[in-house]
Amino acid sequence: MSDIFISREAVENQLNIASGLNKGGDKKVCILTFGCQQNEADSELLSGICERAGYGETDNPKDADLILINTCAIREHAELKALSRTGQFKKLKEQNKDLLIGVCGCMAEQKERRDALMKSYPYVDFVFGTDRLYMLPEIIRNAKSAKKRSIYISDLPHNEFGVIAEGLPIRRNSNHKAKVSIMYGCDNFCTYCVVPYVRGRERSRESCNILSEVKALVDGGYKDIMLLGQNVNSYKGDISFPELLKRAGSMDGEYFLRFMTSHPKDASDELFEVIRDVPNVAKQFHLPVQSGNNRVLSAMNRRYTREKYLEKALKIKSLVPGITMTTDIICGFPTETEEEFLETVDIIKQVEFDMIFTFLYSPRPGTPAAKMEDQIPHEEKVRRFELLSSVQNDIADKLNEKYIGKTVRVLCDSSEHGECSGRTSGNKIVNFEGKAMVGTFADVEITSAGAYILKGKEKDEK
Ligand code: SAM
Ligand code: SF4
């Protein structure tokens, strides 16, 4: 596996190039991020590299000297959003020919998408793939000097590409919440999913690098730290994932340590015990089920059965009473019958999730499911989606009602004129009256509850 690690010299070389790019430091970068938390984490890294290269940050593309569009390919809707945004920059480029525009992320890894992008948006200067982020300084330097458009992409097949570059700077969006990528890529090849093709092979960082990053964050006052990975609990570094979680959650001080996303096949008893026993490990578990029917799960290549999923989900709920359970569900996977769909409705009722993230199945070019016969019509997907949502709303209402009268510990995310908002260890949103400052903990008595938000009053405020 050592070939996946980018050498220290190569990383330093890139950082040296960055330092020489804009000596005055008066330039600005605007980074637009689409998609998942992994993309958000990647954008913080791109931003850190840009900071080293003398670029301040702006939210307004009109003020930018460099625009980076970090794309998502998980569903067609995400792709269309990124394309339509890219289309809006034609005028800016006409007004400022020195403006640099780059496209990166998952769409950049798909040949057809990349080619179409270069053709339809001739003012895009460069495109770079998910394992070329660390090369951004070189990419910018080349774009500034050569007047030629470039593509930076691995020439290896999708199940072989993917690197890990340590030591890159990160410019974080928050002073109290941070994401730490611990593994990248995916080897599971669920039949509907594009991730293994665009994120490359599954690979894990060494635990010492992860733990020193977490330690620096805890020492720096971060209170909500999320370990990230496409299948975070499939981490295969030098120690096991439960051990890593235990060590990352056992540093001095009070903080929430979250992890996302877990694959059911690697959800072990050892992991459940760490969630139960380590106070800083958040009492929250996101465990995507996708479907409650065994034939569909097998057609999806999910590698677990309904029974196995139920056993694990109910076990963690009994070991950690009150844990917040959430899941992902795909509505209208090709060939899914009404009876099979009703088994998904049933599993939701049995587990009683706090929240479900439901997605209409979106055919992804190149994946096996996109070629399956019996694609489900859009209206039918929407009908199933709506049924799931209404069942789930009732469950969430009932679960959240139990919080009324209880006191919960909340990490404050916003605070203005006595109106605060934050999240519990279980990641429940709590709006409350109080004087808590952003990034501090408050004890809040819950006075009312809806399906998605709890409301209350800070304890000392009575
Ligand atoms: N690795 C995680 C797992 O196995 O559960 C999920 C990561 S994926 C980036 C996030 C979610 O997107 C999936 O759980 C799935 O529900 C959804 N998703 C992936 N491909 C999809 C597709 N083609 N159509 C609709 N939803 C999709
Ligand atoms: Fe996609 Fe499946 Fe990998 Fe999750 S495990 S990222 S759904 S292929």
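How do the residues of the lining of the second largest pocket divide into nonpolar, polar and charged? The answer is 11 nonpolar, six polar and 10 charged. The structure in which this pocket is found is a predicted model, and the paragraphs below pass from the protein as a whole to this pocket and then to the two ligands.

The protein contains 14 helices and 19 strands. Its radius of gyration is 23 Å, close to the 23 Å that the globule rule gives for 462 residues, so the protein is as compact as a globular protein of that length. Taken along the principal axes, the C-alpha atoms fill a box of roughly 65 × 60 × 45 Å.

Within this overall form, empty space can be located. Rolling a probe the size of a water molecule over the atoms shows where such space is left. The second largest pocket holds about 540 Å³ of space. Its lining is made up of 27 residues, and those nearest the centre of the pocket are L45, A165, L168, Y184 and R205. Three elements each give two or more residues to this lining: α2 (37–52), β7 (177–181) and α8 (207–219). Of the elements, α2 supplies the largest share, with five residues.

The next site to consider is that of ligand 1. This ligand is surrounded by 17 residues, the closest being Q230, Q290, R302, D328 and S362. By class, the shell consists of seven nonpolar, six polar and four charged residues. Several of the closest residues can be followed down to individual atoms. A polar atom in the side chain of Q290 lies 2.7 Å from an oxygen atom of ligand 1. In the side chain of R302, an N or O atom is 2.9 Å from an oxygen atom of the ligand. With S362 the backbone is involved: one of its polar backbone atoms is 2.8 Å from a nitrogen atom of ligand 1. On its own, ligand 1 has 560 Å² of accessible area, and the protein covers 91% of it. The elements that contribute two or more residues to the shell are β13 (324–331) and β14 (355–360).

Ligand 2 has a shell of its own. The residues around ligand 2 are C186, N188, F189, C190, Y192, C193, V195, P196, N231, H263 and R302. By class, this shell divides into seven nonpolar residues, three polar and one charged. One residue links the two descriptions: R302 is among the closest residues to ligand 1, and R302 also belongs to the residues around ligand 2.

Terms used: Residues numbered from 1 in each chain as written. Chains lettered and ligands numbered in written order. Predicted model: local features only at pLDDT ≥ 70, side-chain atom pairs only at ≥ 80, totals over all residues. Heavy atoms only, no water. Near = heavy atom within 4 Å. Nonpolar A, V, L, I, M, F, W, Y, C, P; charged D, E, K, R; others polar. 1 Å grid on protein atoms, 1.4 Å probe; cavity = no way out; pocket = protein on both sides within 12 Å on 5 of 7 lines; lining within 4 Å. Points joined across faces, edges and corners; volume = space filled by probe spheres on them. Helix = DSSP H or I, 4+ residues; strand = E, 2+ residues; numbered from the N terminus. Polar contact = N/O pair within 3.5 Å; in protein donor to acceptor, adjacent residues only side chain to side chain. Areas by Shrake-Rupley, 256 points an atom, 1.4 Å probe, with all protein chains shown as cover. Rg over C-alpha atoms; globule rule 2.2 N^0.38 Å.
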